[in-house]
Amino acid sequence: MSARVLDGRALSKKITREARALSRSIKRRRGHAPCLAIVAAAHASARSYLQAKLRACAAAGVKASVRQLAAGPRARVLDRLARIAADPGVDAVLVESPYPAGLSTAEVAAVLPPGKDAEGLSPAIYGRLFLAKSWKEARGLIAPCTAAAVARLALAAKTPLAGRRAVVIGRSIVVGQPAAHLLSALDLTVTLAHHLTRGLPALCREADVLVAAAGRPGLVKPSWIKRGALVIDVGVSLAQGRLVGDVAPGAAARAAYLTPVPGGVGPVTTAVAVLQAARLAAAALNIQRRLHAPTNPAHRGLSKSNLRAFLFPS
Ligand code: NAD
């Protein structure tokens, strides 16, 4: 048996078509396309990622506005980021990682207004995602882009998911945790593993869906993979001048579905980011449902029960 390759580039084209349709509606409504501010990291390795984002924006009819964050004291860098986000010409913001001035995810997320957070990391957006109990509730929400890419790739395999077992290796706030949550919303039974997890190979051998997001090249050996599993390789590392994933060569002989590196999760992540930018612009125009929680529901007089109706309008 050789695994079917889950082609991220093909799926990214489909997502880009969704973004383009939304972008057209926005343009019809207000006369100009949605604008995504990409706050670019200065280091060289980020350049190819930036080019990929610019291509994805162009394909989706989303205006990309590249902003550089000059190095400086943290407070000044954060203030500049807040001012980029406050620009009325900007509908959504994406901050490339690694973040400038050694800023943490939490620091960056805290200054992004939820209504403009294309990465889904600001507390209101992130929290709202975790309030969603089912895929029906979660699927239209803004989510951390790579986690959303994992869920979309799992669905693209068109293999039954409900009731099956999933193992996610890596529990980062940006990838592993939200990916585990989305797979749980898809009714899988999920184990979230990390660097201190004991008996990882045996756990993996139980997994019908295996997501590798540790950033350790070749961590997942072919012998760890259950025959017929769906394997999503999120890891991207540079080894001997090549991009490699967390899944060692040879996995295709046991898996039924496998995402390649490169060409798997990466292009889907980029397309999701652009789609989410368009969704935020659409939500601001009330073309789509609200995508974020009110800043302080209590101040808006919402009771606990109607807060739910507010968050998940039918
Ligand atoms: P991270 O460093 O924040 O988290 C890594 C996680 O992996 C941690 O929870 C850690 O406990 C776990 N881990 C590390 N070594 C392990 C081991 N030996 N066994 C089990 N668990 C282990 O990384 P991240 O930001 O979540 O990124 C993970 C990988 O995904 C990286 O390779 C990154 O480049 C890649 N990534 C790819 C995309 C994409 O679009 N393709 C996007 C984001 C991240």
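Begin with the sheet of this predicted model: select its six strands, which form an open sheet in the order β1-β11-β8-β7-β5-β6 with parallel pairing. At the edges are β1 (4-5) and β6 (189-193), each of which pairs on one side only.

Next, select strands β5 (residues 165-169) and β7 (residues 209-212), which run parallel and are joined by four bridges. Within this pair, Ala 166 is found opposite Val 209 of β7. Add helix α8 (residues 176-185), which packs on the sheet and touches β5, β6 and β7. The direction of α8 makes about 170° with that of β6.

Turn now to the ligand and display its surroundings, a shell of 25 residues. The closest are Gly 170, Ser 172, His 194, Gly 215 and Thr 269. By class, the shell comprises eleven nonpolar, twelve polar and two charged residues. Select helix α10 (residues 265-284) as well: with three residues, α10 gives the most to this shell.

Finally, select helix α1 (residues 8-30) together with helix α2 (residues 47-60). Their axes lie 8 Å apart, and the two helices pack at an angle of about 55°. Because angles from 35 to 65 degrees fall outside the parallel and perpendicular ranges, α1 is oblique to α2. To view the contact itself, show Thr 16, Ala 19, Arg 20 and Ser 23 on α1, and Ala 56, Ala 59 and Ala 60 on α2. This contact of α1 with α2 has four nonpolar residues, two polar residues and one charged residue.

Note on methods
Residues numbered from 1 in each chain as written. Predicted model: local features only at pLDDT ≥ 70, side-chain atom pairs only at ≥ 80, totals over all residues. Axes fitted to C-alpha atoms, helices over the stretch in contact; angles between N-to-C directions. Parallel < 35°, antiparallel > 145°, perpendicular 65-115°, else oblique. Contact = placed C-beta atoms within 7 Å. Nonpolar A, V, L, I, M, F, W, Y, C, P; charged D, E, K, R; others polar. Near = placed C-beta within 6 Å. Pairing = 2+ DSSP bridges.
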